[in-house]
Amino acid sequence: MAENKLTVGLVYGGKSGEHEVSLQTAYAVQNAFDFSKYAIIPFYITKQGDWRKGAEIHEPFPAIEDLKLPNASASSKDAMNSLFSKLYGEGGGPDIMFPLLHGTFGEDGTIQGLFEMADMPYVGAGVLASAAGMDKVVMKKLFAQAGLEQVNFCYATSIQWQQDPHELLIQVERELGYPCFVKPANLGSSVGISKARNREELEKAVEFALRYDLKVIVEEFVDAREVEVSVLGNEEPMASVPGEIVSSADYYDYAAKYTDGQSEMVIPAVLDEEVVDRVREAALKAFRAIEGCGISRVDFFVRRSDGLVLINEVNTMPGFTPFSMYPLLWRETGVSYPELLDHMIRLGLERYAQRSSLQYEHGN
C-alpha cells in the first residue's frame, strides 16, 4: 500500500476482439480515480497476450496511447511477480486488482481464476458468474431455469456447423424465422453480430460469427425497445433506474455503441412505473441467476406490441467509456463516477474477506 493509499492494479487491453474497447474503458476509469485515495499500478496485456507492468502512478496518463506502456519491459515476468507477490511472501504488490478486460480472457472467468490462484482481491464478478455471463447459451439456460422470459434462440458449435450446416439453417427457419440476429456465443460489445434477413445472409452471418468464437447463437427478432439496468452489489444487490438505447443504426452495433456517439441514451427510460418495477426486479433476478457479484449491466427488450419484458443478456464487465450506459445509469440514480469506483472496490475487498474466512482443510 502506497503511503495511506490503496494500491489498485488496473488490468486492461487483452488478447481479445475487444482490446480497443478495453483501452477506452481503462482511459476513462483512470481519469475518474481519486488519486488522493488510490495509487494505480497499470498492467497492460497486449493483443498477443503479453503482460506489461508499469510503474506506480499518482496521476492519470495524459493520452490513451500511454496506457500501452511503451517504456515498460516487454517481459511478463515483472507483471507476474507483482501479481503473485503475496504468495511469495513479499510486499509491494497491488492491494486489489481491477480488471477492465472485455470479452475473451478477461470477462469469461479466466483472469478471475488467475486472481483466485494468486490469492488476490479483485473487482467484479467471480469465476462462475463471469464464465456463465460470457457464454450466451449457458446464460440463457440459467435464465430459463430462473423463470425469466426471453426470446427464442438456436445455437451450434463450429464443428456442428462444419459437419451439417443444413441442420442449423432448417432449425432457425422453423423456430425463429427471418429476420434474426447471429452472434458469437462468447463475445460482447456487439463484435461479430449480424442481422440476417434470408438464408444467404444467415450463412454469411454464421461464418462471420465463427471467426470470433467456436459457438454461435441465433436469436429471433422482436420489435422492441432496448432497455438496460445497472446492478451493483454482492449478496444484497441494488438496481439502478432503467435507461433506453435508441440506436443510430439498424441495431445497436459496435459503431453505434462505441465510436459514432450518435445513439441516444434516454435516462431514465420513459416507461410506466409498473414496467420500471418489473425491469428492475428482473435485473436482480438475472444477477442472482448467474450468481453475480460486484457489477453487471442487464439488458432487456420491452416488446412494443404488449409491453412484455424479455431478458436479453447480462454483461459482467460493462463498458466505462464516456458513451457507456453503466455509469450513466448510476449517475442518474444518485451515484457519481468516483463513488461508483469506490463502491466497486469495497465490494471486491468484502468478497475477498468472506472467501478468506472459509475453511479449506477437513477437520475441526
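Reader: Leaving aside its neighbours within four places in sequence, which residues is M344 in contact with, and what makes a pair count as a contact?

Author: Outside that window of four places, M344 touches F98, V123, L232, I295 and F320. Contact means heavy atoms within 4.5 Å, so each of these five residues passes that test against M344. A word on the source: this is a predicted model, where local features need pLDDT of at least 70, side-chain atom pairs count only at pLDDT 80 or more, and totals for chains, interfaces and linings use all residues. Residues are numbered from 1 along each chain as its sequence is written, and side-chain values use heavy atoms, with hydrogens and water left out.

Reader: Why is M344 called buried, and where does it lie?

Author: Buried means under 20% relative accessible area, exposed over 50%, and partly exposed in between, with a 1.4 Å probe and protein chains only. M344 has 1% relative accessibility, so it counts as buried. M344 belongs to helix 12, which spans residues 337–356; helices (H or I, at least four residues) and strands (E, at least two) are DSSP runs, numbered from the N terminus.

Reader: How far is M344 from N234, in sequence and in space?

Author: They are 110 residues apart in sequence, and their C-alpha atoms are 9.9 Å apart.

Reader: Let's turn to strand 9. What makes you describe strand 9 as largely enclosed?

Author: Strand 9 covers residues 224–233, and eight of its ten residues are buried, so the rest of the structure largely encloses it.

Reader: How do you know which strands pair with strand 9?

Author: Two strands pair if DSSP finds at least two bridges between them. Ten bridges join strand 9 to strand 13, three join it to strand 11 (residues 243–246), and two join it to strand 10 (residues 238–239). Each count meets the minimum of the rule, so strands 13, 11 and 10 are called partners of strand 9. The pairing with strand 13 is antiparallel, as is the one with strand 11 and the one with strand 10.

Reader: Which residues face each other in these pairings?

Author: Among them, V231 stands opposite S296 in strand 13, V227 is bridged to E244 in strand 11, and L232 to M238 in strand 10. Strands 9 and 10 form a hairpin, with four residues between them.

Reader: Now the empty space. What makes something a pocket here, and how much space lies in the second largest one?

Author: The search uses a 1 Å grid over the protein atoms alone: a cavity is a set of points where a 1.4 Å probe fits but cannot get out, while a pocket is an open set with protein on both sides within 12 Å along at least five of seven lines. Lining residues have an atom within 4 Å of a point. Grid points are joined across faces, edges and corners, and a volume is the space filled by probe spheres set on the points. The second largest pocket holds about 360 Å³, and of its 17 lining residues, E235, E291, G292, C293 and R351 are the closest to its centre. Helices 4, 10 and 12 each supply at least two residues of that lining.

Reader: How does that lining divide by residue type?

Author: There are seven nonpolar, four polar and six charged residues. Ala, Val, Leu, Ile, Met, Phe, Trp, Tyr, Cys and Pro count as nonpolar, Asp, Glu, Lys and Arg as charged, and the others, Gly among them, as polar.

Reader: What makes E291 exposed, while C293 counts as buried?

Author: E291 has a relative accessible area of 56%, so it is exposed; C293, at 8%, is buried. E291 also has a positive phi of about 60° although it is not a glycine, and it sits in the loop between helix 10 and strand 13. Most residues other than glycine have a negative phi, and most peptide bonds are trans.

Reader: Which peptide bonds are cis?

Author: Those from Y178 to P179 and from I267 to P268 are among them, each with omega near -5°.

Reader: Finally, why is C180 not called part of a disulfide?

Author: A disulfide is a pair of cysteine sulfur atoms within 2.5 Å. The closest cysteine sulfur to that of C180 is in C154, 8.6 Å away, so the two are too far apart for a bond. By this rule the model has zero disulfides.
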